[in-house]
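Here is a short report on a metal site, a ligand pocket and a few strands. Look at the structure first, then read on.

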Amino acid sequence: MLALGKLLELTLAGREPAEKTQLTVDGVRMRWLGEGALEVRPPEARDNGMDLLLSAGIHGNETAPIELLDELLHGIAKGEIKPRARILFLFGNPEAIRKGERYLEQDVNRLFNGRHELSSGSEALRACELERLATTFFSVPGRTRLHYDLHTAIRGSKIEQFALYPFKEGRQHSRRELARLRAAGMEAVLLQSKTSVTFTAYTYETLDAEAFTLELGKARPFGQNAQVNLERLETRLKQIIEGNEPEEPEALDGLQLFSVAREIIKHSDSFHLHLPADIENFSELSKGYLLAEDLSSTRWIVEEEGARIIFPNPKVKNGLRAGILIVPTTPDQLA
Ligand SMILES: O=C(O)CCC(=O)N[C@@H](CCC(=O)O)C(=O)O
Ligand SMILES: [Zn+2]
């Protein structure tokens, strides 16, 4: 296998490759762009106009998605996967991946859409670098832009694999992309209703890509991901890469849709979340339930019918999201 196929090994060792560009037997060009960043370019005659950004390890302890990207890259470097798409592989937070931590000082996934400019430290610099790499990658006009940012969650989930679809004023969510996610094994999609500071919010809002955060099960250390079944996602990603996705009706086929009712923001150290420590994502909360309390008698009481909680985390820094209250929705606003 070509040395550049070992991007993960290079990243874990904090090494720079001797050769920055290599060609596979099929004339696919692999180019190392910096730490944890590699571009794959098919020969011009095979290029189908798709620009695909695949990122993982924005949170360093979320290893199953990193292993999946590593496997895809090996397949390309060995000539077993024959890309027709141009691809950018990114490992988001190399230092945190090496340490097996979600982040070191700051959550990189709260520093996009310019937030890094208001901050300092290695993670702010990394967010800036990731924005630059994504901007350059998605700068060619007339091509299809697709970004999947792969994650695993801190806790177990009643719905194991799901996507979060960013929001931009005046832009409609795409039914075709939802059908593609369903085919990739996603069981639910959360349709966001306000702008955000995550990596996919940046590529969706600023770079005009279709972009999704994919949650793929529970976070575990490297080599302990046997319970995370990524077969359907892997198959679909290979098809997108090779440009041979089956033509499918745009059926959503049981895909559950949710919208955000409210984001729970932790304002102070007095924030208290009234949920069991082992509560699973998508757990239902009944109307009237006192979900959280904070400074100045702030109380978060569930008012919505059918409300569920995802990503509850009272340990986030003050000012950040400590959970999302979601409600079921219907697909009537899709493009
Ligand atoms: O399990 C958790 O509490 C967090 C899992 C995670 O990292 N989720 C992403 C979602 C990003 C988005 O809102 O699109 C995150 O919190 O960064
Ligand atoms: Zn994550």
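## Zinc site

A donor here is an N, O or S atom within 2.8 Å of the metal; water is not among the atoms, so sites may look incomplete. The model is predicted. In sequence, the donor residues of the zinc ion (ligand 2) follow the spacing H-x2-E-x88-H. The residues behind that pattern are His-59, Glu-62 and His-151. His-59 and His-151 each coordinate through ND1. Glu-62 is listed with OE twice. The distances run from 2.0 to 2.3 Å.

Are His-59 and Glu-62 buried or exposed? Buried means under 20% relative accessible area. His-59 has 3% relative accessibility, so His-59 counts as buried. Glu-62 has 2% relative accessibility and therefore counts as buried.

## Ligand 1

There are 15 residues around ligand 1. Asn-109, Arg-110, Ile-154, Thr-213 and Glu-215 come nearest.

Which protein atoms make polar contacts with ligand 1? Three contacts are given here, each to an oxygen atom of the ligand. The side chain of Asn-109 places an N or O atom 2.8 Å from an oxygen atom of ligand 1. For Ile-154 the partner is a polar backbone atom, at 2.7 Å from a ligand 1 oxygen. His-59, a zinc donor residue, has a side-chain N or O atom 3.1 Å from an oxygen of ligand 1.

## Strand β7 and its partners

In a regular strand the side chains alternate between the two faces of the sheet. Strand β7 covers residues 162-165. Phe-162 and Leu-164 point one way from β7. Ala-163 and Tyr-165 point the other way. All four are buried.

β7 pairs with β9 (residues 210-218) in the antiparallel sense, over three bridges. Ala-163 has Leu-214 as its bridge partner in β9. β7 and β8 (residues 188-191) run parallel and are joined by four bridges. In β8, Leu-190 is the bridge partner of Leu-164. From β7 the chain crosses through helix α5 (residues 175-183) to β8. This β-α-β crossover is right-handed.

## Annotated segment

Which residues does the UniProt domain annotation cover? An unreviewed UniProt entry assigns "AstE/AspA barrel-sandwich hybrid" to residues 255-328. Over residues 255-328 the chain is 0% helix and 46% strand. The end C-alpha atoms of this segment are 11 Å apart.

Key:
Residues are numbered from 1 along each chain as its sequence is written. Chains are lettered from A and ligands numbered from 1 in the order in which they are written. This is a predicted model: local features need pLDDT of at least 70, side-chain atom pairs count only at pLDDT 80 or more; totals for chains, interfaces and linings use all residues. Side-chain values use heavy atoms; hydrogens and water are left out. Buried means under 20% relative accessible area, exposed over 50%, partly exposed in between (1.4 Å probe, protein chains only). Helices (H or I, at least four residues) and strands (E, at least two) are DSSP runs, numbered from the N terminus. Two strands pair if DSSP finds at least two bridges between them. A crossover is right-handed if, with the strands pointing away from the viewer, the path from the first strand over the helix to the second runs clockwise. UniProt positions are given in the numbering used here, feature names are shortened, and annotations may be inferred rather than shown by experiment. Donors are N, O and S atoms within 2.8 Å of the metal (3.2 Å for Na, K and Ca); water is not among the atoms, so sites may look incomplete. A residue is near a molecule or strand if one of its heavy atoms lies within 4 Å of it. A polar contact is a pair of N or O atoms within 3.5 Å; within protein, one must be able to donate a hydrogen and the other to accept it, and residues adjacent in sequence count only if both atoms are side-chain atoms.
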